Amino acid sequence: MTNRDDFYEYERRRNVARDSYTMNKIHVCVDVQNKKEIRGRVYHENLPQARYFEGAAQLLLSIEDFLDEANYPAKSTENRYFIKPRKYDMPDEPNAVENREKGKRATFIVQVQYRQNSTWQGKVKWIEKDLEHSFRSALELIKLIDSSIEET
């Protein structure tokens, strides 16, 4: 290999590392909270438009669908079903870029680093307070988001 080949290999690896670092960062804007139920929008740089969610279950399913499509991070287990579900389809928000900055109640950056034991592990950053916490499960992620919204 020449120095030029080494340089190209270095650049390729650096780009793969950068892409994988940002691949799993998902922007969550919470606009409404009613009796522990949240509604808002989910963004990612690879999504052409925002996806709306109504409730924690839709939020988690929307993120899971995106992670499945990207296959990053890879699952350690396959899902089991009584009946194979249809593809979960979230409505897209037209002209989402204008509303991307902040949720009306709170804004989070969710970074799923691992999908092990049929759940997620990663970090969540609360943008308005500049606080970051790790989570060990999707349930813990929802509890962190709920606790921060109750504070606002």
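**Salt bridges, a helix and a hairpin**

Student: What is the relative accessible area of Lys75, and is this residue buried or partly exposed?
Tutor: This model is predicted. Buried would require under 20% relative accessible area, and exposed over 50%. Lys75 falls in between, as partly exposed, with a relative accessible area of 25%.

Student: Which residue meets the side chain of Lys75 in a salt bridge?
Tutor: The N to O distance of this salt bridge is 3.5 Å. The cut-off is 4 Å, so the pair qualifies. The partner counts as partly exposed, at 29% relative accessibility. The partner is Asp68.

Student: Which residues are linked with Lys75 in a network of salt bridges?
Tutor: Asp68 belongs to the network, as does Lys75 itself. Two further residues join them. In full, Lys75 is linked with Asp68, Glu64 and Arg115.

Student: Where is Arg115 found, and is this residue buried or exposed?
Tutor: Arg115 is found in the loop between E5 and E6. Its relative accessibility is 4%. The limit for burial is 20%, so Arg115 counts as buried.

Student: Which backbone oxygens lie by polar atoms of the side chain of Arg115?
Tutor: Arg115 touches a set of residues that includes Glu64, Trp120 and Gln121. Two others in that set are Leu67 and Pro73. The backbone oxygen of Pro73 lies 2.7 Å from a polar side-chain atom of Arg115. At 3.5 Å from such an atom lies the backbone oxygen of Leu67.

Student: How many salt bridges does the count give?
Tutor: Among them is the pair of Arg136 and Glu140, at 2.8 Å from N to O. Arg136 is exposed, with 63% relative accessible area, whereas Glu140 is partly exposed at 22%. Asp130 and Lys125 form another, at 3.2 Å. The count comes to seven.

Student: How far does helix H3 reach from its first C-alpha to its last?
Tutor: H3 covers residues 138-151, which makes 14 residues. At 1.5 Å a residue, 20 Å is expected. The model comes close to that, with a reach of 20 Å.

Student: What arc do the buried residues of H3 cover around the axis?
Tutor: Those residues are Ala138, Leu141, Ile142, Ile145, Asp146, Ser148 and Ile149. They lie on the same side of H3, because their arc around the axis is only 165°.

Student: Which exposed residues does the face of H3 turned away from its buried side carry?
Tutor: The buried side is covered by elements that include helix H2 and strands E1, E2, E5, E6 and E7. The face turned away carries exposed residues instead. They are Leu139, Lys143 and Glu151.

Student: How many of the 10 residues of E1 are buried?
Tutor: E1 is among the elements that cover the buried residues of H3. The strand itself is mostly covered. Its buried residues number seven.

Student: Which residue in E5 stands opposite His27?
Tutor: E1 and E5 run antiparallel, joined by six bridges. His27 faces a residue of E5 there. That residue is Ile109.

Student: Which residue in the turn of the E1 and E2 hairpin has a positive phi?
Tutor: E1 and E2 pair in the antiparallel sense over seven bridges. In this pairing, Val28 stands opposite Val42 in E2. The hairpin leaves two residues between the strands. The residue with a positive phi, of about 45°, is Lys35.

Conventions:
Residues numbered from 1 in each chain as written. Predicted model: local features only at pLDDT ≥ 70, side-chain atom pairs only at ≥ 80, totals over all residues. Heavy atoms only, no water. Helix = DSSP H or I, 4+ residues; strand = E, 2+ residues; numbered from the N terminus. Expected span 1.5 Å × (residues − 1). Buried < 20%, exposed > 50% of the residue type's maximum accessible area, 1.4 Å probe, protein only. Arc of directions from axis to C-beta. Contact = heavy atoms within 4.5 Å. Pairing = 2+ DSSP bridges. Polar contact = N/O pair within 3.5 Å; in protein donor to acceptor, adjacent residues only side chain to side chain. Lists of a residue's contacts leave out its neighbours within four places in sequence.
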